[in-house]
Amino acid sequence: MSDMNITQQIEVALKKQGNPINGKDSEDDSLQYPSITEWKRSIGMLGEEHDTTTTSVSASKSRQQWYKTGLGYWDDEETCPATVDGMLGGFARISKCDLKGSAKFITHIKSNIRPSLKLTSDENGDVPTCACECGAGIGRVSKGLLLPLGISQCDLIEPSPRLISSAPEYLGSSASKCRFFCTGLQDFQPKADSYDIIWMQWMIGYLTDDDLVQFLKRCVPALRKGGIVVVKDNTCSQEAFVVDRDDASTTRSLPYIIAIAELAGLHVVHQQLQEGFPADIFPVPMVALAADR
């Protein structure tokens with residue numbers, strides 16, 4: 001499936017539900033985009049509907065530059081120290097509230113919606129449970145949420161060599177329960193039947209629509225029985241997307257995110273808005289996804 005087809009399907013899904021498909025730049029009010037398609041064309045990531053070879057090559061180069069810019073931001077000590085404050089863009093004060101909200105979310109799903117979700121090895125017939133923290137940075141979510149929930153092992157996936165190399169020190173004694181993979185999700189190939197939870201927080205905006213759909217598709221066979229993918233990220237509401245050119249990221253609307261998940265063959269198990277965050281930041285919903293009905 002080409003990125004053009006994915007983009008068109010997303011726009012159709014959004015318009016069908018009466019949701020916007022337009023977007024804007026996060027800093028420059030003069031940069032307004034009438035549609036997802038037009039934004040992607042403006043940065044060279046999407047050609048015309050009938051792509052020529054030259055256009056395809058150009059789009060590939062634009063995609064590579066997009067990822068290079070994002071990685072450069074996170075791999076720079078000045079813009080992103082290897083600390084909780086660095087991971088949260090200067091909002092370390094919300095970490096405790098965030099982890100508490102996430103734990104409550106998972107506990108509710110386990111207790112009331114999806115009892116087949118396994119958190120501990122005891123629940124899993126003494127077979128170790130496993131979670132994947134995507135865009136893990138130094139492992140804040142593994143240390144503060146996933147391992148305390150009883151998960152036996154966490155795989156940390158992080159494209160920044162500097163951050164992933166800093167993770168063991170931050171994790172301390174918990175590092176022995178973790179494995180470390182220095183790669184972007186656009187290249188990560190999870191093994192089949194390997195994860196009870198795949199956690200994606202504050203990182204989906206760094207993936208293109210096409211790569212996000214393809215990664216979520218790879219998550220489907222990677223989930224164990226009862227397993228879930230959790231997306232927890234900033235969302236916008238007045239537009240379909242808001243672009244940040246400094247770190248090459250895109251904040252999507254919640255309907256936009258769900259449209260992408262559905263294209264990957266996933267459906268919403270439960271969703272809930274994170275409470276207690278400052279009023280001046282984007283709303284942050286938590287969305288649990290699964291492939292089975």
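## Strand 7 and its partners

Strand 7 and strand 12 (residues 285-290) run antiparallel to each other and are paired over four bridges. Within this pairing, Val231 has Val287 of strand 12 as its bridge partner. This is a predicted model, so please read every value here as computed from predicted coordinates.

Strand 7 also pairs with strand 6 (residues 195-201), this time in the parallel sense and over six bridges. Here Val231 of strand 7 stands opposite Met200. If you are looking at the structure, Val231 is a handy landmark, with Met200 as one partner and Val287 as another. How many residues of strand 7 are buried? Nine of the 10 residues in this strand (residues 223-232) are buried, so strand 7 is largely enclosed by the rest of the structure.

## Helix 8 between two strands

Strand 6 and strand 7 belong to a right-handed β-α-β unit, whose helix is helix 8 (residues 209-222). The length of helix 8 can be checked with simple arithmetic: at 1.5 Å a residue, its 14 residues should span 20 Å, and the end C-alpha atoms are 20 Å apart, which agrees.

Helix 8 is mostly covered, with 10 of its 14 residues buried. Among the buried residues are Leu212, Val213, Phe215 and Leu216, but also charged ones, including Asp209, Asp210, Asp211 and Arg218. Two of these aspartates, Asp209 and Asp211, come back in the salt bridges below.

## A buried aspartate in strand 4

Asp155 lies in strand 4 (residues 153-157). Is Asp155 buried or exposed? Its relative accessible area is 0%, and buried means under 20%, so Asp155 counts as buried.

What does the side chain of Asp155 meet there? One polar contact, of 2.8 Å, joins it to the side chain of Arg179. Another, of 2.5 Å, joins it to the side chain of Tyr195. Leaving aside neighbours within four places in sequence, the contacts of Asp155 include Arg179 and Tyr195 along with Cys130, Ala131, Cys132, Glu133 and Phe181.

## Salt bridges across the chain

Side chains of opposite charge can pair when their charged atoms come close. In this model the count comes to 12 salt bridges.

One of them joins Arg140 and Asp98, at 2.8 Å from N to O. Arg140 is in helix 6 (residues 140-146) and Asp98 in helix 5 (residues 95-113), so this pair ties together parts that are 42 residues apart in sequence. Both ends count as buried: Arg140 has a relative accessibility of 4%, and Asp98 has 0%.

Another salt bridge involves Asp211 and Arg63, whose closest N and O atoms are 2.8 Å apart. This pair links helix 8, which holds Asp211, with helix 3 (residues 53-74), which holds Arg63, across 148 residues of the chain. Asp211 is buried, with a relative accessible area of 7%, whereas Arg63 is partly exposed at 26%.

The side chains of Lys24 and Glu239 also meet in a salt bridge, at 3.8 Å from N to O. Lys24 sits in strand 1 (residues 23-25) and Glu239 in the loop between strand 8 (235-236) and strand 9 (241-244), so to speak a link between distant parts of the chain, 215 residues apart. Lys24 is partly exposed, with a relative accessible area of 26%, while Glu239 counts as buried at 13%. There is also a network of salt bridges, which links Lys40, Asp209 and Arg252.

## Strands 1, 9 and 10

Strand 1, where Lys24 is found, runs parallel to strand 9, and three bridges join the two. In this pairing, the bridge partner of Asp25 is Val243 in strand 9.

Strand 9 pairs in turn with strand 10 (residues 249-253), in the antiparallel sense and over four bridges. Val243 takes part here too, with Thr250 of strand 10 as its bridge partner. The route across these strands can therefore be traced by eye from Asp25 to Val243 and on to Thr250.

Which residue takes a positive phi in the hairpin of strand 9 and strand 10? That residue is Ala248, with a phi near 55°, in a hairpin that has four residues between the strands.

How values were computed
Residues are numbered from 1 along each chain as its sequence is written. This is a predicted model: local features need pLDDT of at least 70, side-chain atom pairs count only at pLDDT 80 or more; totals for chains, interfaces and linings use all residues. Side-chain values use heavy atoms; hydrogens and water are left out. Buried means under 20% relative accessible area, exposed over 50%, partly exposed in between (1.4 Å probe, protein chains only). A polar contact is a pair of N or O atoms within 3.5 Å; within protein, one must be able to donate a hydrogen and the other to accept it, and residues adjacent in sequence count only if both atoms are side-chain atoms. Contact means heavy atoms within 4.5 Å. Two strands pair if DSSP finds at least two bridges between them. A crossover is right-handed if, with the strands pointing away from the viewer, the path from the first strand over the helix to the second runs clockwise. The expected span of a helix is 1.5 Å times one less than its number of residues. A salt bridge is a side-chain nitrogen of Lys or Arg within 4 Å of a carboxyl oxygen of Asp or Glu.
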